[in-house]
Amino acid sequence: MFLCTQLKELDTDMAWFKRELKGIITTTEEKKEAPDGIWNKCPNCKKPLHYSEQVENQYVCHYCGFHLRIGSKEYFSVLFDNNEFTELFPALTSGDPLHFEDTKKYTDRLKETQKKTGLSDAIRAGVGKIDGQDIVIACMDFNFIGGSMGSVVGEKIARSIDYSIEHKVPFLMISKSGGARMMEAAFSLMQMAKTSAKLALLAQAKVPYISLLTDPTTGGVTASYAMLGDINIAEPGALIGFAGPRVIKETIKKDLPKGFQTAEFVQEHGFLDFIVDRREMKEKLASFIKMMAN
């Protein structure tokens, strides 16, 4: 009798595990899933981050200080006063001059990526204010075919520079790219010379140009406009380079130093002026603009 009572109590205690007690069973229709994007995991320390915490901390992990990869929407919200700006040249889209096709047609890839990201191409430009001072910001989006530099990226940068020259407004370029877009071949590579020439005109007009390099900034972008700023800034830990470390290692047949191609390594070797935490970026940029204006 005692044994039976014990078994019944044990069976009742285990009911939570078997989900047999009333009120514990939840039908599939009644289950509520957390919406996508509410939670994220820090790639560095692996700790969970709630979306509201990310926004409050400007998309920097409050546990380890790791700078999460973000796009133009987030950068504009961080930098522009009250997130108020006027987008420039929003309707520009890439053509398919080479009728390129690999696993799928380039035109189909563009349409799919535009639908998925809500972007027209791998860059957005806007004019607004930072700490009450006018500024034009062009920002690349890595989610759009790896932030690759195609003809639209080069054209938007060129037109943004023209706008800055015409209105005497400082220009900020936020780079985040895997390099030139192979689907446009030489048309893509031409943007290196095109943007560099436009930046020379910006310098002649004595309009300030600030280049912000974020993770990752590589390939033809690094070899052109990303490194031509009056002030070159980077975020902590950003990958900055031309060729990838594996290619370099195979070429020189030597092991690479620790921290190779990080923002800290690049600054140590004289290619960067400052490394700035994203949470202090707006304040620093406002100071730079005031300094250069005077």
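1. In this predicted model, K168 takes a positive phi of about 55° just after helix 6. Helix 6 itself covers residues 151-167, and its end C-alpha atoms are 24 Å apart, which agrees with the 24 Å expected of 17 residues at 1.5 Å a residue.

2. The buried residues of helix 6 are V152, V153, G154, K156, I157, A158, S160, I161 and S164. Their cover includes strand 3 (85-88), strand 4 (123-130), strand 5 (133-140), strand 6 (171-177) and helix 7 (185-204).

3. Of the 16 salt bridges in the structure, one joins the side chains of R181 and D121, at 3.0 Å from N to O. R181 lies in the loop between strand 6 and helix 7, and D121 in the loop between helix 5 (106-117) and strand 4, so the pair ties together parts that are 60 residues apart in sequence. R181 counts as buried because its relative accessibility is 1%; D121, at 0%, also counts as buried.

4. R181 forms a salt bridge with E184 too, with the closest N and O atoms 3.9 Å apart. E184 is buried, as is R181. D121, R181 and E184 are thus linked in a network of salt bridges.

5. Another salt bridge joins the side chains of D102 and R109, at 2.9 Å from N to O. D102 counts as partly exposed because its relative accessibility is 34%.

6. Helix 11 takes in residues 278-293; its 16 residues should span 22 Å, and the 23 Å between its end C-alpha atoms agrees. At its start, a side-chain oxygen of D277 reaches to within 2.8 Å of the backbone nitrogen of R279. The buried residues of helix 11 are R278, M281, L285, A286, F288 and I289.

Note on methods:
Residues numbered from 1 in each chain as written. Predicted model: local features only at pLDDT ≥ 70, side-chain atom pairs only at ≥ 80, totals over all residues. Heavy atoms only, no water. Helix = DSSP H or I, 4+ residues; strand = E, 2+ residues; numbered from the N terminus. Expected span 1.5 Å × (residues − 1). Buried < 20%, exposed > 50% of the residue type's maximum accessible area, 1.4 Å probe, protein only. Contact = heavy atoms within 4.5 Å. Polar contact = N/O pair within 3.5 Å; in protein donor to acceptor, adjacent residues only side chain to side chain. Salt bridge = Lys/Arg side-chain N within 4 Å of Asp/Glu carboxyl O.
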